Amino acid sequence: MAGVGFKSITKIFGKDVKAVDNLDLDIRDKEFMVLVGPSGCGKTTALRMIAGLEEATSGDLMIGDRRVNDVPPKDRDIAMVFQNYALYPHMSVYDNIAFGLRLRELKGFLWQLANSAEAKKIKTDIDARVHEAAKMLDIDHLLHRKPKELSGGQRQRVALGRAIVRKPKVFLMDEPLSNLDAKLRIQTRAELIRLHRDLGITTIYVTHDQVEAMTMGQRIAVMSGGVLQQCDEPEVVYNQPANKFVAGFIGAPPMNFVDGTISGGRFVSDVLTVPLPTGHPAAAMDGKKVTFGIRPEDVSDASLVSGADEAFCFTARVDVLEKLGAEDTAYLKIGEHSMIASLEPKNRLEMGSDHKFVIDGAKIHIFDGESERAIR
Ligand SMILES: Nc1ncnc2c1ncn2[C@@H]1O[C@H](COP(=O)(O)OP(=O)(O)OP(=O)(O)O)[C@@H](O)[C@H]1O
Ligand SMILES: [Mg+2]
């Protein structure tokens with residue numbers, strides 16, 4: 001078991017493609033860490049550096065307390081599951097899972113021919129590990145099949161099995177669920193969480209899907225343009241985003257933003273005027289250009305909130321109303337400005353008509369107009 005450390009790691013491809021920019025990130029022993037961010041933000045590159053498939057341009061890469069920059073991939077004791085899990089098509093599921101183990105454990109033997117007591121013991125041990133992993137992943141009834149005789153989700157689990165049997169120090173997973181349909185993705189997501197709980201192996205999981213990040217990560221590291229934006233527990237990243245990028249990236253539908261200024265302890269713009277909570281550090285920054293943020297679920301139908309404070313109310317036209325069952329998503333227009341509200345289904349909204357909404361004053365976010373950093 002081991003943690004993984006990026007110490008001022010930079011990766012530059014060619015002359016000037018900075019894929020990872022001065023990354024400092026410590027993944028704890030046994031932790032499930034999710035790297036999340038939009039396409040091209042450097043997630044795969046970061047993972048490939050841990051695997052040793054890509055060399056860091058500068059900085060120190062640690063596995064446990066060992067600097068591994070110069071350690072060849074096969075000696076790093078990590079297992080990686082890729083988005084395109086390449087199974088060997090001519091081998092059975094069993095052989096696919098056992099393959100890496102045989103290579104490693106029996107490298108001195110011609111394993112099929114070897115008959116020594118030692119080779120037999122290794123074979124029995126491999127057999128036990130393959131069955132144990134297959135059972136854990138619910139593919140033990142498929143061990144004789146070839147990959148082409150499996151569904152996408154089953155193939156995915158074979159790829160996971162191949163990684164599990166190696167009992168590595170660290171698991172690296174690069175969008176391992178992206179080939180699965182929505183239902184299977186949710187199911188496999190839960191299986192991976194359980195698997196991590198059972199095995200307790202340090203796992204670094206890459207995804208561009210913020211829902212996956214929120215549901216799977218013990219901590220999530222949000223990246224943009226090769227730069228780490230924030231690393232914390234999902235609730236913290238969601239409720240206290242470090243900057244406007246993180247606030248807009250994590251959460252669906254995304255946070256609403258309005259640009260404006262601070263005046264007399266209030267956020268003021270031509271769209272909205274909202275008092276800041278007493279003691280909010282932005283309240284004293286008269287004249288400062290800021291961006292106001294509010295999540296869709298923190299905007300309510302004012303007619304359903306008893307004693308709604310007028311100071312937090314605004315009127316908007318209901319452009320589109322989507323009925324999702326558990327909640328409704330309302331696309332609002334305040335003049336030309338768009339906002340989204342997630343509302344209880346019992347709202348009395350009608351598409352095309354004006355309506356009064358209220359903002360939860362305790363849930364507002366203020367970002368610096370220039371640096372875009374959260375002011376709190
Ligand atoms: N071998 C390479 N040579 C040159 N540039 C590369 C190479 N690999 C990646 N890049 C660039 O580095 C940046 C980061 O790429 P990376 O694959 O790490 O992104 P990612 O976050 O995994 O994106 P995605 O979600 O699309 O998989 C991108 O700008 C990409 O074009
Ligand atoms: Mg990638």
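**Figure 1. Strands E17 and E18 and the sheet to which they belong.** Two strands are said to pair if DSSP finds at least two bridges between them. In this predicted model, strand E17, residues 328-334, pairs with E18 in the antiparallel sense, and seven bridges connect them. Within this pairing, Ala330 stands opposite Ala341 of E18. The wider view takes in an open sheet of five strands in the order E15-E19-E16-E17-E18, with antiparallel pairing. Its edge strands, each of which pairs on one side only, are strand E15 (299-301) and strand E18 (337-343). From one strand to the next, the twist of this sheet averages 50°.

**Figure 2. The open sheet with the order E13-E12-E11-E14-E20.** This sheet is likewise described as open, with five strands and antiparallel pairing. Strand E13 (273-275) and strand E20 (365-368) are its edge strands, each pairing on one side only, and the twist from one strand to the next averages 40°. Strand E11, residues 256-263, and strand E14, residues 289-294, run antiparallel and are joined by six bridges. One position to locate in this view is Thr261, whose bridge partner in E14 is Lys289.

**Figure 3. The cis peptide bond that ends at Pro253.** The peptide bond from Ala252 to Pro253 is cis, and its omega is near -5°. Pro253 is placed in the loop between helix H8 (244-249) and E11. As background for this view, most peptide bonds are trans.

**Figure 4. The hairpin of E1 and E2.** Strand E1, residues 4-13, runs antiparallel to E2, and seven bridges join the two strands. Ile9 can be used to follow the pairing, since the bridge partner of Ile9 in E2 is Leu23. Three residues lie between the strands of this hairpin, in which Gly14 takes a positive phi near 60°.

**Figure 5. The surroundings of ligand 1.** The shell around ligand 1 consists of 13 residues, and the closest are Phe13, Ala19, Ser39, Thr44 and Thr45. Strand E2 (17-27) and helix H1 (43-51) each supply at least two residues of this shell, and H1 gives the most, with three residues. By residue type, the shell divides into four nonpolar, eight polar and one charged.

**Figure 6. Ile97 in the largest nonpolar core.** The largest nonpolar core holds 98 residues, and those that touch the most other members are Leu35, Ile97, Val170, Leu172, Ile204 and Val222. When residues up to four places away in sequence are not counted, Ile97 touches Val130, Ala133, Ala134, Val158, Gly161, Arg162 and Val165. As a general background to such a view, nonpolar side chains tend to be buried together in soluble globular proteins.

**Figure 7. Leu143 and its contacts.** Leu143 is placed in the loop between helix H3 (117-136) and helix H4 (152-164). With its neighbours within four places in sequence left aside, Leu143 is in contact with Ser92, Val93, Tyr94 and Ala134. Leu143 and Asn96 are 47 residues apart in sequence, and their C-alpha atoms are 9.1 Å apart in space. Leu143 counts as partly exposed because 18 other C-beta atoms lie within 10 Å, whereas a buried residue would need 20 or more.

**Figure 8. Asp77 and Glu175, two loop residues with positive phi.** Most residues other than glycine have a negative phi. Asp77, by contrast, has a positive phi near 60°, and Asp77 is found in the loop between strand E5 (66-67) and strand E6 (78-81). Glu175 also has a positive phi, near 45°, and lies in the loop between strand E7 (170-174) and helix H5 (182-199). Asp77 counts as partly exposed because there are 15 C-beta neighbours inside 10 Å, and Glu175 is partly exposed because 19 other C-beta atoms lie within 10 Å.

**Figure 9. The whole chain, for orientation.** The chain has 376 residues, of which buried residues make up 37%, and its secondary structure comes to eight helices and 20 strands. Taken along the principal axes, the box filled by the C-alpha atoms is roughly 85 × 45 × 35 Å. Among contacts in the chain with a separation of 6 or more, 65% are accounted for by residues 24 or more positions apart.

Technical notes. Residues numbered from 1 in each chain as written. Chains lettered and ligands numbered in written order. Predicted model: local features only at pLDDT ≥ 70, side-chain atom pairs only at ≥ 80, totals over all residues. Near = placed C-beta within 6 Å. Helix = DSSP H or I, 4+ residues; strand = E, 2+ residues; numbered from the N terminus. Nonpolar A, V, L, I, M, F, W, Y, C, P; charged D, E, K, R; others polar. Axes fitted to C-alpha atoms, helices over the stretch in contact; angles between N-to-C directions. Core = buried A, V, L, I, M, F, W, Y, C linked by C-beta atoms within 7 Å. Buried ≥ 20, exposed ≤ 12 C-beta atoms within 10 Å, placed from the backbone. Contact = placed C-beta atoms within 7 Å.
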